[in-house]
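Me: Could you walk me through this structure, please? I am new to reading models like this one.

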Amino acid sequence: MARKSSRKLWTEHLARKSSGRQPAQPEVTLGEPFSGRVLGIDPSLRGSGFAVLQYTPGGSVLLLETTTLKLGPKLSMPECLGAIGNQVDDFLNQHSVDHVAIEQTIYVQNFQTAQILGAARGAAIATAAMRGLPVFEYAPLRVKQAVVGLGRASKEQVARTVLSLTGTDLGQRFDESDAAAVALCHAFTWRGKTVT
């Protein structure tokens with residue numbers, strides 16, 4: 001079968017367009033908003049935050065559990081990654097989580113720091129993925145915009161907003177309030193997609 005030139009293909013495309021004959025395109029519409037439990041993760045090698053949130057659209061927002069996983073400098077990187085995976089596993093064992101939301105790596109100029117952050121994220125993502133749970137990633141600016149309304153909000157502003165939305169005061173536990181904000185971002189913005 002002879003290949004058609006790009007000029008011939010373009011001519012046929014224009015002819016279809018002018019005749020009104022268009023190939024059928026699937027219509028993508030947004031589905032229902034998120035409803036259920038989401039595990040939010042603010043990953044770091046030595047200080048990761050975790051938060052499980054129960055969300056009902058137009059209804060309640062309940063923070064079920066939060067924690068900060070603090071790991072000392074004597075632990076090797078593989079030991080830290082194992083501890084992160086175990087922490088995710090513990091949360092998934094204790095709560096019927098529907099989705100996992102994790103903060104994306106922020107831009108860093110130091111290559112080694114980026115590698116370490118990527119490894120910490122990978123440990124958390126892999127643990128959830130091995131259970132077949134959907135994992136969603138959100139940039140820090142998007143999280144702050146969705147939750148606080150300001151892409152450059154401070155950690156204190158995020159913590160205060162988490163308090164006002166959930167009724168849970170996390171105080172200065174910023175890793176936990178950041179994890180809760182990631183979970184809230186997912187709950188507020190995720191929509192199931194349907195193709196018709």
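**Talking through the model**

Reply: Let us start with one residue, D42: leaving aside its neighbours within four places in sequence, D42 is in contact with G47, S48, G49, E103, D175, D178 and A179. Please keep in mind throughout that this is a predicted model.

Me: Which strand is D42 in?
Reply: D42 belongs to strand β2, which covers residues 36-42.

Me: And is D42 buried or exposed?
Reply: D42 has a relative accessible area of 7%, and because buried means under 20%, D42 counts as buried.

Me: What does UniProt list for "binding site"?
Reply: The UniProt record, which is an unreviewed entry, lists D42 and D175 under "binding site". These two span 134 residues in sequence, yet no two of their C-alpha atoms are more than 6.3 Å apart, so they gather at one spot. Both D42 and D175 are also part of the lining of the largest pocket.

Me: Where does D175 sit, and what is it in contact with?
Reply: D175 is in helix α6, residues 174-189. If we set aside neighbours within four places in sequence, D175 is in contact with D42, G47, S48, G49, T68 and K70. With a relative accessibility of 19%, D175 counts as buried, since the cut-off for that word is under 20%.

Me: What about E103, which annotation covers that one?
Reply: E103 is covered by the UniProt annotation "binding site", again from an unreviewed entry. In the model, E103 lies in strand β5, residues 99-103, and E103 is buried, with a relative accessible area of 14%. Not counting residues up to four places away in sequence, E103 touches I41, D42, P43, R121, Y138, P140 and V182.

Me: Staying with β5, what is H99 in contact with?
Reply: H99 is placed in strand β5 and is buried, with a relative accessible area of 10%. Apart from neighbours within four places in sequence, H99 is in contact with F34, R37, V38, L39, P134, F136, H186 and W190.

Me: New topic: which residues touch the most other members in the largest nonpolar core?
Reply: Those are L53, L63 and V162, in a core of 23 residues. The elements that give two or more residues to this core are β3 (47-55), β4 (61-70), α4 (140-147), α5 (155-166) and α6. Of these, α6 gives the most, with eight residues.

Me: And what is V162 in contact with?
Reply: Leaving out neighbours within four places in sequence, V162 is in contact with L63, G167, T168, L170, S177, A180, A181 and L184. There is also a second, separate core of 20 residues, and V88, L92, A124 and L133 are among its members. As background, nonpolar side chains in soluble globular proteins tend to be buried together.

Me: How many disulfides does the structure hold?
Reply: The structure holds zero disulfides. As for individual cysteines, C80 counts as buried at 0% relative accessibility, and C185 is buried with a relative accessible area of 0%.

Me: Zooming out, how many helices and strands are there in the protein chain?
Reply: The protein chain has six helices and seven strands, and from the N terminus on, its elements run α-β-β-β-β-α-β-α-β-α-α-α-β. Buried residues make up 36% of the 196 residues in the chain.

Me: Among contacts between residues at least 6 apart in sequence, what share join residues at least 24 apart?
Reply: In the protein chain, 65% of those contacts join residues at least 24 apart.

Me: Last thing: which element has the lowest mean pLDDT, and which the highest?
Reply: Strand β7, residues 191-195, has the lowest mean pLDDT among the elements, at 69, whereas helix α2, residues 77-94, has the highest, at 98. The chain as a whole averages a pLDDT of 89, and 87% of the residues score at least 70. Where pLDDT is low, the predicted coordinates should not be read in detail.

Methods
Residues are numbered from 1 along each chain as its sequence is written. This is a predicted model: local features need pLDDT of at least 70, side-chain atom pairs count only at pLDDT 80 or more; totals for chains, interfaces and linings use all residues. Side-chain values use heavy atoms; hydrogens and water are left out. pLDDT is the predictor's confidence in each residue, from 0 to 100. Helices (H or I, at least four residues) and strands (E, at least two) are DSSP runs, numbered from the N terminus. UniProt positions are given in the numbering used here, feature names are shortened, and annotations may be inferred rather than shown by experiment. On a 1 Å grid over the protein atoms alone, a cavity is a set of points where a 1.4 Å probe fits but cannot get out, and a pocket is an open set with protein on both sides within 12 Å along at least five of seven lines; lining residues have an atom within 4 Å of a point. Buried means under 20% relative accessible area, exposed over 50%, partly exposed in between (1.4 Å probe, protein chains only). Contact means heavy atoms within 4.5 Å. A nonpolar core is a set of buried Ala, Val, Leu, Ile, Met, Phe, Trp, Tyr and Cys residues joined through side-chain atoms within 4.5 Å. A disulfide is a pair of cysteine sulfur atoms within 2.5 Å.
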